[in-house]
Amino acid sequence: MAGLGRNCILCARKSLLFHRSVVNLTRLQIPPVTEAVVTQVRGTKRWVRPYLQTLVNRISRENELLGPLPPQPRSSKINWNYESELHAFGPRLGEKLNLSTLRAAFTDRSYVEEEEERRRELDLPLEDVKLDMQDNSQLAEQGWDITTNYIHSFLRAEFPLLPDEGVKAIHDYVTQEDMLVWIANHLGVKDLIRCSTFPIPPPVTKQVFLAVIGTVHHDQGSQQAEMFVHDFVVAQLVGKDVNAMWDIPNPMGMLAEMLQKAGRGEPEPRVINQSGANTVTPVYFVGVYSDKELLGEASGDTMPLAVEEAARVALANMFKTHEGRKPLALDTRLKTTAKLADKTNYLENKS
């Protein structure tokens, strides 16, 4: 019995010591983990590809049934900031423009009328309905005057022998609506236009681009505006055939008139060479002569067509608009109307 009692006492002591050790361990402050080792596994789960493919198929099926989504303006995006884009437009083109004038250049008259109509529907007082907002009509008129005057001066300086009809034809080509809209869209004008309709109509885009030129003239003067037209509008003539821009209805008659004014003989078309006259695809080479001098030569499928083309080549040689002429002076020396006028006077005195 004594041995059994001694064993019970020892067990009780051991259990008490065990409990004390547990309590002491719980009171200890374990330092937090400062570094964690993360093992990355490359690759994509197998469900990702079929899931994305299912979404693409569903979107394609909905587009076929309902049609594509209508175009949305850039201002409908969450990350759009009109003031920031307006502020960045001038520095992107290398121009220092006033924000108030530039804001007016991008504002179409339809946008102002729409805002006034919206206020009128809210039953606001008449003094609050009228907006103190300027549209781009006046700036567009100034831009058109600057553009057309400078292009006429540039063409007259580059092609002094070209008649007024030819200068007008080239001017109309480079200032047509499609050309100005193409230039404006590549300059980032489309996203900044404030208009009542979307997509923006081409006439509105053309007017806004001319208003931007008017803004440059208003803020930096006529010389800087002429340089703007030189860099962005006149540069579209590079690599173009100016003879194709002017459709002459009667080239042989005009050639005879030009030779008569110059005191030379009548133009005489002569067959230089021909091939396959008795076949389905004949070719005739015709040259136009005046006072035994070859003025131009060309080929054609028929004799009248070859004579007409030879007359056009002769006119291009007389007007110095042929393919072998010097390239356009698009450097920095002839970017103002005054310098263009000096060059024109020099060429006229020289001739």
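The following paragraphs lead through a predicted model of one protein, from its overall make-up to its helices, its sheet and a few unusual residues.

The protein has 15 helices and three strands. Of its 351 residues, 33% count as buried. Contacts can also be sorted by how far apart the two partners are along the chain. Among contacts in the protein with a separation of 6 or more, 62% are between residues 24 or more positions apart.

A good place to start is helix H10, which covers residues 202–220. Its length can be checked with simple arithmetic. At 1.5 Å a residue, its 19 residues should span 27 Å, and the C-alpha atoms at its two ends are 27 Å apart, so the expected and the computed values agree. The span is counted as 1.5 Å times one less than the number of residues. Many positions along H10 are shielded; the buried ones are Val204, Thr205, Val208, Phe209, Leu210, Ala211, Val212, Ile213, Gly214, Thr215 and Val216. What lies over these buried residues? The cover includes helices H3 (82–93), H4 (99–105), H7 (137–158), H9 (177–186) and H11 (222–232).

Both sides of H10 along the chain have a backbone detail to look at. In the loop between H9 and H10 is Pro199. The peptide bond from Phe198 to Pro199 is cis, with omega near 5 degrees. After H10 comes Gly221, with a positive phi near 100 degrees. As background, most residues other than glycine have a negative phi, and most peptide bonds are trans.

Helix H7, one of those covering H10, also takes part in two helix crossings described here. With helix H8 (residues 164–174), the axes come within 10 Å and cross at roughly 135 degrees. An angle over 145 degrees would count as roughly antiparallel, and 65 to 115 degrees as roughly perpendicular. H7 and H8 are therefore oblique to each other. H7 passes H8 in a right-handed crossing. On the H7 side, the contact is made by Trp144, Thr148, Ile151, His152, Leu155 and Arg156. On the H8 side, Asp164, Val167, Ile170, His171 and Val174 take part.

The second crossing is between H7 and H11, whose axes come within 10 Å and cross at roughly 70 degrees. How are H7 and H11 placed relative to each other, given that angle? They are roughly perpendicular, and their crossing is right-handed. Here Ile146, Thr147, Tyr150, Ile151 and Phe154 of H7 meet Ser222, Ala225, Glu226, Val229 and His230 of H11. Ile151 of H7 appears in the contact with H8 and also in the contact with H11.

The three strands form an open sheet in the order S1-S2-S3, with antiparallel pairing. The edge strands are S1 (268–275) and S3 (293–300), and each of them pairs on one side only. Neighbouring strands are turned by 20 degrees against each other on average, direction ignored. In general, strands of a sheet pair through backbone hydrogen bonds, either parallel or antiparallel.

Seven bridges join S1 to S2, and Glu268 stands opposite Tyr289 in S2. Seven bridges also join S2 (residues 283–290) to S3. In that pairing, Phe285 stands opposite Ser299, and Ser290 has Glu293 as its bridge partner. Helix H14 (residues 303–319) packs on the sheet, touching S1, S2 and S3, and its direction makes about 135 degrees with that of S3. Strand S2 is mostly covered, with six of its eight residues buried.

S2 and S3 form a hairpin with two residues between them. In this turn, Asp291 has a positive phi of about 55 degrees. Lys292, found in the loop between S2 and S3, has a positive phi of about 65 degrees although it is not a glycine. Is Lys292 buried or exposed? Lys292 is exposed, because its relative accessible area of 78% is over the 50% cut-off.

Helix H14 contains Pro304, which is exposed with a relative accessible area of 59%. The C-alpha atoms of Pro304 and Val286 are separated by 9.6 Å, and the two residues are 18 residues apart along the chain. In the loop between H14 and helix H15 (337–350) lies Lys320. Its phi is near 60 degrees, a positive value in a residue other than glycine.

How values were computed
Residues numbered from 1 in each chain as written. Predicted model: local features only at pLDDT ≥ 70, side-chain atom pairs only at ≥ 80, totals over all residues. Heavy atoms only, no water. Pairing = 2+ DSSP bridges. Helix = DSSP H or I, 4+ residues; strand = E, 2+ residues; numbered from the N terminus. Axes fitted to C-alpha atoms, helices over the stretch in contact; angles between N-to-C directions. Contact = heavy atoms within 4.5 Å. Buried < 20%, exposed > 50% of the residue type's maximum accessible area, 1.4 Å probe, protein only. Parallel < 35°, antiparallel > 145°, perpendicular 65-115°, else oblique. Left-handed = near helix turned anticlockwise from the far one by under 90°.
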